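Okay, thanks for making time, everyone. I'd like to walk you through a structure that's new to most of you, so let me put it up on the screen.

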Amino acid sequence: IGAVYYLFISVDPAHVEAINALDQNNLRMVLEAGAVEDDNGNLNDWTDGPVTIYQDWRVTIDGQFEPDEWTDFTLDDAGDSEWTADNEIEALHVTWDQVNLYVGIEGIVHGNSWLLYLDIDPGSANGATDLTAIDAWERGASFTAPGFAADWQLGSYQHQSIHDGQTFWRILSPTTTDNATGNVEMAFDPDHLNGLDGGTEVAIPWSTLYGMGDNEVPVGAQISLVASICWDPEPDGELGGDSAPSNLAAALPVIDNVWTLTVDEDGDGAPDPLDPNAAPDTPAAGLALHPPYPNPFNPSVTLAFDVPTGSDQPVTLAVFDARGRRVAVLVDGALAPGSHAVTWRGRDERGRTVAAGTYFCRLEHAGRASTRSLTLVK
């Protein structure tokens with residue numbers, strides 16, 4: 001009772017033109033009872049209902065990640081949850097058009113939640129770095145990533161029965177927020193019908209983010225973002241288990257690593273155009289840094305990774321210590337697409353043997369990054 005169901009229908013260009021010619025304020029769908037069946041086998045019992053025409057989104061906002069949907073920017077984070085395989089962020093996805101910024105959190109959580117934090121002007125004095133007393137979605141978050149201060153947050157309850165839902169908030173101060181859920185379009189997969197190919201998809205108007213118009217952003221605009229799963233309920237729940245991008249050294253709920261993208265690289269005050277017909281620029285696996293082997297290790301560890309097709313940008317694979325200081329650069333330059341592996345023998349850039357402890361290897365390519373932890377034992 002009170003549930004809302006969505007039926008997404010794809011139509012060809014001729015029918016789009018015909019629909020656009022109709023009165024958009026008085027559209028209705030008429031069905032025979034039992035004509036539509038959902039994924040759980042439930043048949044429709046309604047026969048007449050209103051129709052809402054959504055704008056032409058760059059991706060379909062339905063909480064399901066299709067292989068050919070998110071073709072622009074992907075940050076792989078698969079297989080590194082400290083909790084269970086049922087609590088995992090597989091990837092973050094970003095794309096945009098003239099009207100919206102689109103963000104996707106691909107993955108799954110059971111009886112928990114995840115949060116997305118956005119900084120729309122990294123390096124500025126705006127935003128908050130300590131959300132341990134925020135009045136919406138307080139999960140103990142604080143940020144030590146250089147230049148990052150959260151301006152917006154999205155929280156999503158997953159598979160918690162009547163509590164399932166998601167909301168989007170503007171962060172006004174370290175303790176106060178303004179509910180902006182009505183300004184965005186978003187969908188998710190709380191019942192995990194799509195497994196690890198499900199998650200949260202959101203379309204956020206540029207006008208909401210920056211208070212300007214469609215196709216307007218500050219000159220040189222950048223966006224920084226990070227997502228983390230968390231356990232519930234309030235007030236005891238906090239970030240933990242998995243974040244994307246993965247932390248370099250800090251332990252959740254502290255976040256010390258974020259993903260930054262330049263939206264207006266040409267400096268014209270508008271989101272850079274992205275090819276709407278572009279094929280995916282990565283194979284199915286995308287950029288991937290596989291679990292190190294062996295781990296813990298002594299005296300050496302193998303780091304296997306995949307380089308996607310579609311870009312001639314260099315690949316960097318580096319090792320950092322627990323304080324975020326670079327220890328060694330293992331790869332720095334162009335590599336052929338496909339699978340690669342290198343061995344780190346526990347030595348720094350000067351060839352000196354490093355001390356036992358926790359280290360982090362970070363793979364970067366074409367604005368994407370993936371991080372894994374390493375443990376050297378002696």
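Let me start with a stretch to be careful about: over residues 278–285, pLDDT stays under 50. For that stretch the model has 18 contacts beyond four places in sequence. And yes, this is a predicted model, so keep that in mind throughout. For the chain as a whole, the mean pLDDT is 86, and 90% of the residues come out at 70 or more.

Now, over to strand 12, which covers residues 199–205. How many of its residues are buried? Seven of the seven, so strand 12 is largely enclosed by the rest of the structure. Let's look at its partners. Strand 5, residues 100–108, runs antiparallel to strand 12, and seven bridges join them. If you want a spot to click on, N100 sits opposite P205 of strand 12. Then there's strand 11, residues 185–188, also antiparallel to strand 12, with four bridges between the two. Here you can pick out A187, whose bridge partner in strand 12 is E201.

Next up, aromatics. Searching the whole structure turns up nine aromatic pairs. Take Y117 and F143: the ring centres are 5.0 Å apart and the planes meet at 75°, and since an angle over 60 counts as edge-to-face, that's what this pair is. These two come from distant parts of the chain, with Y117 in strand 6 (residues 113–119) and F143 in strand 7 (residues 142–143), 26 residues apart. Both Y117 and F143 are buried.

Now try W152 and F168. Their centres are 5.1 Å apart, but the planes are at just 5° to each other, so this pair is stacked. It also links distant parts of the chain: W152 belongs to strand 8 (residues 152–157) and F168 to strand 9 (residues 165–171), 16 residues apart. W152 is buried, and F168 is too. Going back to Y117 and F143 for a second, they form one aromatic cluster together with F148.

Last stop: an open sheet of four strands. What's the strand order? It goes 20-19-22-23, with antiparallel pairing. At the edges you have strand 20 (326–333) and strand 23 (368–376), each pairing on one side only. On average, neighbouring strands in this sheet are turned by 15° against each other, ignoring direction. Zooming in, strand 19 (residues 315–320) is joined to strand 20 by six bridges, again antiparallel. One of the residues to look for is T316, which has D332 in strand 20 as its bridge partner.

That's my tour, happy to rotate the view for anyone.

Key
Residues numbered from 1 in each chain as written. Predicted model: local features only at pLDDT ≥ 70, side-chain atom pairs only at ≥ 80, totals over all residues. Heavy atoms only, no water. Buried < 20%, exposed > 50% of the residue type's maximum accessible area, 1.4 Å probe, protein only. Pairing = 2+ DSSP bridges. Phe/Tyr/Trp six-rings, centres within 6.5 Å; stacked < 30°, edge-to-face > 60°. pLDDT = per-residue confidence, 0-100. Contact = heavy atoms within 4.5 Å. Axes fitted to C-alpha atoms, helices over the stretch in contact; angles between N-to-C directions.
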